[in-house]
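Biologist: I am new to this structure, so please take me through one part of it closely. How is its interior put together, and which pieces of the chain meet there?

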Amino acid sequence: MTDPIFVPHQEFKTGLPRGRFRVIVNPERAQKYIKHKLFVVGIALPMIGIGAALALSGYPWVGAPLVLIGILLPRYIKKQAPQILLHLAQNDAKTYQEAIEYEILEVRMAES
């Protein structure tokens with residue numbers, strides 16, 4: 001097994017699709033980071049509140065889907081957090097650096 005290595009973002013971005021690196025993502029930390037980075041709670045709670053208000057004020061066909069989306073969105077984000085983190089790390093240098101720094105993402109050389 002190889003040890004983690006430091007890879008500059010540009011090299012990571014070009015080498016990952018070519019299979020040069022093996023990436024290990026800590027799923028628990030990824031969930032917390034993505035939840036914070038995408039402001040999931042700040043989006044989901046207002047959706048639930050507005051949806052409930054609309055449903056109770058006579059617009060159930062508009063309100064119910066908002067409530068449902070507000071409930072399911074955090075669960076979906078939580079389930080997909082490692083994939084979302086990898087996508088963001090590949091496209092954003094700051095996210096890549098933070099993921100390495102907070103030990104959410106580990107980059108190793110691919111075994112031949």
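Modeller: First, a term: helices and strands are DSSP runs numbered from the N terminus, with helices (H or I) of at least four residues and strands (E) of at least two. This is a predicted model, where local features need pLDDT of at least 70 and side-chain atom pairs pLDDT 80 or more, while totals for chains, interfaces and linings use all residues. Residues are numbered from 1 along each chain as its sequence is written, and side-chain values use heavy atoms, without hydrogens or water.

Start with the core. The largest nonpolar core (buried Ala, Val, Leu, Ile, Met, Phe, Trp, Tyr and Cys joined through side-chain atoms within 4.5 Å) holds 19 residues. Buried means under 20% relative accessible area, exposed over 50%, and partly exposed in between, with a 1.4 Å probe and protein chains only. Phe12, Ile34, Leu85, Tyr96 and Leu105 have the most contacts inside this core. At least two core residues come from each of β1 (21-25), α2 (27-37), α4 (60-91), α5 (93-101) and β2 (105-109). Helix α4 gives the largest share, 5 residues.

Now α4 itself. Its buried residues are Gly63, Gly70, Ile77, Ala81, Ile84, Leu85 and Ala89. They pack against α1, β1, α2, α3 (40-56), α5 and β2. The helix is not straight. At Ala81 it bends by about 70°, taken as the angle between axes fitted to the seven residues ending there and the seven starting there. A proline, Pro82, follows within four residues. The span shows a shortfall too. At 1.5 Å a residue, a straight helix of 32 residues would cover 46 Å, counting one less than its number of residues. The end C-alpha atoms of α4 span only 39 Å.

Who meets the end of α4? Leaving out residues up to four places away, Phe12 touches (heavy atoms within 4.5 Å) Leu86, Ala89 and Gln90, among others. Its other partners include Val7, Phe21, Tyr96, Leu105 and Val107. His9 sits in helix α1 (residues 9-15). It is buried, at 12% relative accessibility. With the same sequence neighbours left out, His9 touches Ala89, Gln90, Asn91, Asp92, Ala93 and Tyr96.

Val25, in strand β1, meets the bend region. Beyond its neighbours within four places, Val25 contacts Ala30, Pro82, Leu85, Ile104 and Leu105. Val25 and Ile104 are 79 residues apart along the chain, yet their C-alpha atoms are separated by 5.8 Å.

Rings also link distant parts. The structure has 2 aromatic pairs, meaning Phe, Tyr or Trp rings (six-membered for Trp) with centres within 6.5 Å, called stacked under 30 degrees, edge-to-face over 60 and tilted otherwise. One of them joins Tyr33 and Tyr102: centres 6.4 Å apart, planes at 55°, so it is tilted. Tyr33 lies in α2 and Tyr102 in the loop between α5 and β2, so the pair ties together parts 69 residues apart in sequence. Tyr33 is buried at 9%, while Tyr102 is partly exposed at 44%.

Finally, Glu103 lies in that loop between α5 and β2. Glu103 has a positive phi of about 60°, although it is not a glycine. At 56% relative accessibility, Glu103 is exposed.
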